[in-house]
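Student: I would like to learn how to read the features of a protein model, step by step. Could you take me through one?

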Amino acid sequence: MDTVTGSAAVRVLRDRTAGLFLTAVVVSGFGTSAMWLAAGVWVKSLTGSDSLAALAVFAMWLPVLFGPVLGAVADRIPGKPLLVGSNLVMAGLLTSLVSVDAAGRIWILFLVLVLYGASSVLMDAAESALVAGAVDARLLGDFNGLRMTAGEGMKLLAPLAGAGLFARFGGGAVALLDAASFALAAGVCALLPAGEPDRAVRTGRRGELTAGVRQVWRSPVLRPLVLAGSVTMLCAGLNGAAVYAVVDDGLGHSPTYAGVLYAVQGAGSVVIGLLAGPLLRRLGERVCTAAGIALFAVAVGARALPYDAVALAASAAVGIGLPCVLVAAMTAVQRETPEAVLGRTAATANTLMMVPNAVALALGAGLIALVDFRVLLPLVGAAGLLTAALLVTGLRGRPTGSPAGPAPSSTQA
């Protein structure tokens, strides 16, 4: 598998469009990861409020709820200008944050964070359409895996830089760093080829906004993958809400030990990103997704055990399992969806999978106060195993959507 992995990765990196996209992910991802950490700390330092600090992260998540609407916008605007323009607009907006130096101006930060989240949804939708039209359908899994590796790699490095920059110069310096990363990403995106997929046929406002939902629901390939992803990310949110209880009550460490667990999880995601393409070709999307869910579920249940070695191994397993689910679903969306509605479908799938995670994080914070994590986490793991089993048993008599074969005629290869 190493030879196959290396060969496929080299083929992806040799593709000019794919290489430019990955470069943009690395450049902008560094600034984004630094800003995610700094936003909450910034709000906390200015207001002293833990709840407002938590809302800073929620503000960046909020636009995901409107994925189908933002995806419809992405389907109406040529991808390259949308990517370049969105990056430049965000670079300009972030520079305005240097004026946020008192609690009375914190509303400016929240406004920019909401627009930040909206631009991320728009750019992800536009990128999905452009990548599907430029990258060989057989290498989409490899591209998405490498994208995961690049993004998670930045999450391991950038928060340290952001924390140091914030401690020394304040939040405005982190905002300027992020603005510079967006400006550089805009320059990289400007080098993308100008070719565009066909624009969607107008079907009325309501029809345009629901086109992505219909595409996911009517597809025997996409529907089970996205639904399984939704349940898995719901479980992931409950798992995330319990992490500090695991660290404190289970392992007897200070809360900062959670950073170690997250770092190990991120390392697992970096590794699996390199192997995602070959695994998808060998197993098919549904089996690969089910395997990822099963690994994640076993790891979550194991976190109830009070052993450091088990906790570290479980974090690595979570980092390996979850990306399998997300990469498989996005690869299937890019391959199975007609070009005219790809932006909406990608944004819809992302909404259906990410919103349960955010909701579960909020609900889990209250649930963990009522239910011991030693009971909750095994139950969450059992739910994950059931989801994996249902996904595999549903294979009989239904298309698997294996990416090893040619792309459907409705999808540009």
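Tutor: We will go through charged pairs, a surface patch, packed helices and some contacts between residues, keeping in mind that this is a predicted model.

Student: Let us begin with the charged side chains. How many salt bridges are there?

Tutor: The general idea is that side chains of opposite charge can pair when their charged atoms come close. In this structure, the count comes to eight salt bridges. One of them joins the side chains of arginine 105 and aspartate 101, with 3.7 Å from N to O.

Student: Are arginine 105 and aspartate 101 buried or exposed?

Tutor: Arginine 105 counts as partly exposed because its relative accessibility is 40%, whereas aspartate 101, with a relative accessible area of 53%, is exposed. The cut-off needed here is that a residue must have over 50% to be called exposed.

Student: Which residue forms a salt bridge with arginine 281?

Tutor: The partner of arginine 281 is aspartate 142, and their closest N and O atoms are 2.3 Å apart. This pair links distant parts of the chain, since arginine 281 belongs to helix H12 (residues 257–283) and aspartate 142 to helix H7 (residues 140–169), with their positions 139 residues apart in the numbering. Arginine 281 is partly exposed, at 23% relative accessibility, while aspartate 142 is buried, with a relative accessible area of 4%.

Student: And what does arginine 335 pair with?

Tutor: Arginine 335 forms a salt bridge with glutamate 285, where the closest N and O atoms are 2.5 Å apart. Here too the pair links distant parts of the chain, with arginine 335 in helix H14 (residues 308–336) and glutamate 285 in helix H13 (residues 285–302), 50 residues apart. Both arginine 335 and glutamate 285 are buried. Salt bridges can also share partners, and in this model such sharing joins Asp124, Glu127 and Arg147 into one network.

Student: Now I would like to turn to the surface. Which residues make a nonpolar surface patch?

Tutor: Leu52, Leu55 and Phe58 make a nonpolar surface patch of about 240 Å². If you want to find this patch in the picture, look for leucine 55, which is placed in helix H3 (residues 50–61). Leucine 55 has a relative accessible area of 41% and is therefore partly exposed.

Student: How should I describe two helices that pack together?

Tutor: Two packed helices are described by the angle between their axes and the distance between the axes. Take helix H4 (residues 67–76) and helix H6 (residues 106–134), whose axes come within 9 Å and cross at roughly 55°. H4 and H6 are therefore oblique to each other, and their crossing is right-handed.

Student: What is the angle between H10 and H13?

Tutor: Helix H10 (residues 222–241) packs against H13 at an angle of about 15°, and their axes are 11 Å apart. That angle makes H10 roughly parallel to H13, and the crossing of these two helices is left-handed.

Student: How is H13 placed relative to H16?

Tutor: The axes of H13 and helix H16 (residues 373–393) come within 8 Å, and they cross at roughly 165°. H13 is therefore roughly antiparallel to H16, and H13 passes H16 in a left-handed crossing.

Student: My last topic is separation along the chain and in space. How many residues apart are alanine 34 and glycine 162?

Tutor: Alanine 34 and glycine 162 are 128 residues apart in sequence, yet their C-alpha atoms are 4.4 Å apart in space. Alanine 34 is found in helix H2 (residues 16–47), and this residue is buried, with a relative accessible area of 0%.

Student: Where is valine 84, and how is valine 84 separated from valine 188?

Tutor: Valine 84 is in helix H5 (residues 79–95). The C-alpha atoms of valine 84 and valine 188 are separated by 8.4 Å, although the two residues are 104 residues apart along the chain. Valine 84 has a relative accessible area of 18%, so this residue is buried, given that the cut-off for buried is under 20%.

Student: Is tryptophan 107 buried or exposed?

Tutor: Tryptophan 107, which lies in helix H6, is exposed, with a relative accessible area of 54%. Tryptophan 107 and valine 43 are 64 residues apart in sequence, and the distance from C-alpha to C-alpha is 10.0 Å.

Note on methods. Residues numbered from 1 in each chain as written. Predicted model: local features only at pLDDT ≥ 70, side-chain atom pairs only at ≥ 80, totals over all residues. Heavy atoms only, no water. Salt bridge = Lys/Arg side-chain N within 4 Å of Asp/Glu carboxyl O. Buried < 20%, exposed > 50% of the residue type's maximum accessible area, 1.4 Å probe, protein only. Helix = DSSP H or I, 4+ residues; strand = E, 2+ residues; numbered from the N terminus. Patch = residues over 30% accessible without salt bridge, like charges linked within 9 Å, V, L, I, M, F, W, Y side chains within 5 Å. Areas by Shrake-Rupley, 256 points an atom, 1.4 Å probe, with all protein chains shown as cover. Axes fitted to C-alpha atoms, helices over the stretch in contact; angles between N-to-C directions. Parallel < 35°, antiparallel > 145°, perpendicular 65-115°, else oblique. Left-handed = near helix turned anticlockwise from the far one by under 90°.
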